[in-house]
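Colleague: I have a model open and would like to learn how to read it. Could you walk me through a few features?

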Amino acid sequence: MSSSSRSQPRVSFASLTPNNLGTVRKLNSVLFPIRYSEKFYKDVLLPEVEEFCKLVYYNDVPVGTICCRFETTGETTKLYLMTMGVLAPYRSRGLGSASLQHVINAAKAHSKPKIDSIYLHVQVSNEAAKKFYERHGFEEVSIQKDYYKKIVPHDAWILEKKLTDE
């Protein structure tokens with residue numbers, strides 16, 4: 001192995017499969033303060049969301065996840081970012097940015113259906129997450145009262161990034 005390849009950490013993504021779903025479950029249990037339903041785990045395996053639901057690897061070690069779903073109303077399709085997280089020891093290494101950029105690029109390239117925007121909820125106490133998404137072009141569109149039932153504070157910012165007319 002050359003010294004240049006050793007010094008450059010490798011960030012890669014893997015599609016979710018029944019074989020790695022246990023890893024996703026474990027990461028989610030560590031990363032997020034809520035427990036996800038069996039429906040969540042069934043839905044992230046659907047073929048149509050393959051490019052939008054990924055395990056994040058750092059030097060071949062699974063350290064994060066990103067999971068999205070489509071939401072279509074009339075003629076408008078949005079991508080809802082359900083979860084995105086990276087284990088604490090691996091933060092501030094560009095993994096979150098790389099994961100989000102992967103999803104943004106996949107959303108822009110997606111044509112059937114065309115994705116108009118990406119949106120997500122951020123707990124109002126999580127200023128760091130809000131600032132992270134704002135650095136990536138997301139804007140606060142509203143606050144949803146009582147979004148979180150089992151964690152405090154209950155309110156969430158709704159952040160959105162428009163993909164059309166860019």
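**Rings, strands and charges**

Modeller: Gladly! Let's begin with two aromatic residues: Tyr36 is buried, and Phe40 is buried too. Keep in mind that this is a predicted model.

Colleague: How many aromatic pairs does a search of the whole structure find?

Modeller: The search finds nine. Tyr36 and Phe40 form one of them, with 4.6 Å centre to centre and 35° between the planes. That pair counts as tilted, because stacked planes are under 30 degrees apart and edge-to-face planes over 60.

Colleague: Which residues do ring pairs link into a cluster with Tyr36 and Phe40?

Modeller: Phe32 and Tyr41 join them in that cluster. Tyr41 also has a charged residue over its face: Arg25, at 4.3 Å from the ring centre. Elsewhere, Lys78 lies over the face of Tyr119, at 5.6 Å from the ring centre.

Colleague: Now the sheet, please. What is the order of its strands?

Modeller: The order is 1-2-3-4-5-7-6, in an open sheet of seven strands with mixed pairing. Strand 1 (11-15) and strand 6 (139-144) each have a single partner strand, so they stand at the edges with one side lacking a neighbour in the sheet. On average, neighbouring strands are turned by 30° against each other, direction ignored.

Colleague: How many bridges join strand 4 to strand 5?

Modeller: Three, between residues 76-86 and residues 117-123, and the two strands run parallel. Leu79 stands opposite Ile118 in strand 5. Then look at helix 2 (residues 21-31), which lies across strand 2 (53-58), strand 3 (61-73) and strand 4. Helix 2 runs at about 90° to strand 3.

Colleague: And how should I read the charged side chains?

Modeller: The general idea is that side chains of opposite charge can pair when their charged atoms come close. Here, a search of the whole structure finds twelve salt bridges. One of them joins Arg10 and Asp60, at 2.2 Å from N to O.

Colleague: Which parts does the pair of Arg10 and Asp60 tie together?

Modeller: Arg10 is in the loop between helix 1 (3-7) and strand 1, and Asp60 in the loop between strand 2 and strand 3, so the pair ties together parts 50 residues apart in sequence. For contrast in setting, try the salt bridge of Lys39 and Asp43, at 2.6 Å from N to O. Both residues lie in helix 3 (residues 38-43), four residues apart, about one turn of the helix.

Colleague: Is Lys39 buried or exposed?

Modeller: Lys39 counts as exposed, because its relative accessibility is 56% and the cut-off is over 50%. Asp43, at 24%, counts as partly exposed.

How values were computed: Residues are numbered from 1 along each chain as its sequence is written. This is a predicted model: local features need pLDDT of at least 70, side-chain atom pairs count only at pLDDT 80 or more; totals for chains, interfaces and linings use all residues. Side-chain values use heavy atoms; hydrogens and water are left out. Rings of Phe, Tyr and Trp (its six-membered ring) pair if their centres lie within 6.5 Å; planes under 30 degrees apart count as stacked, over 60 as edge-to-face and the rest as tilted. Buried means under 20% relative accessible area, exposed over 50%, partly exposed in between (1.4 Å probe, protein chains only). A charge sits over a ring if NZ of Lys or CZ of Arg is within 6 Å of the ring centre and within 35 degrees of the ring normal. Two strands pair if DSSP finds at least two bridges between them. Axes are lines fitted to C-alpha atoms, for helices over the stretch in contact, and angles run from 0 to 180 degrees between N-to-C directions. Contact means heavy atoms within 4.5 Å. A salt bridge is a side-chain nitrogen of Lys or Arg within 4 Å of a carboxyl oxygen of Asp or Glu.
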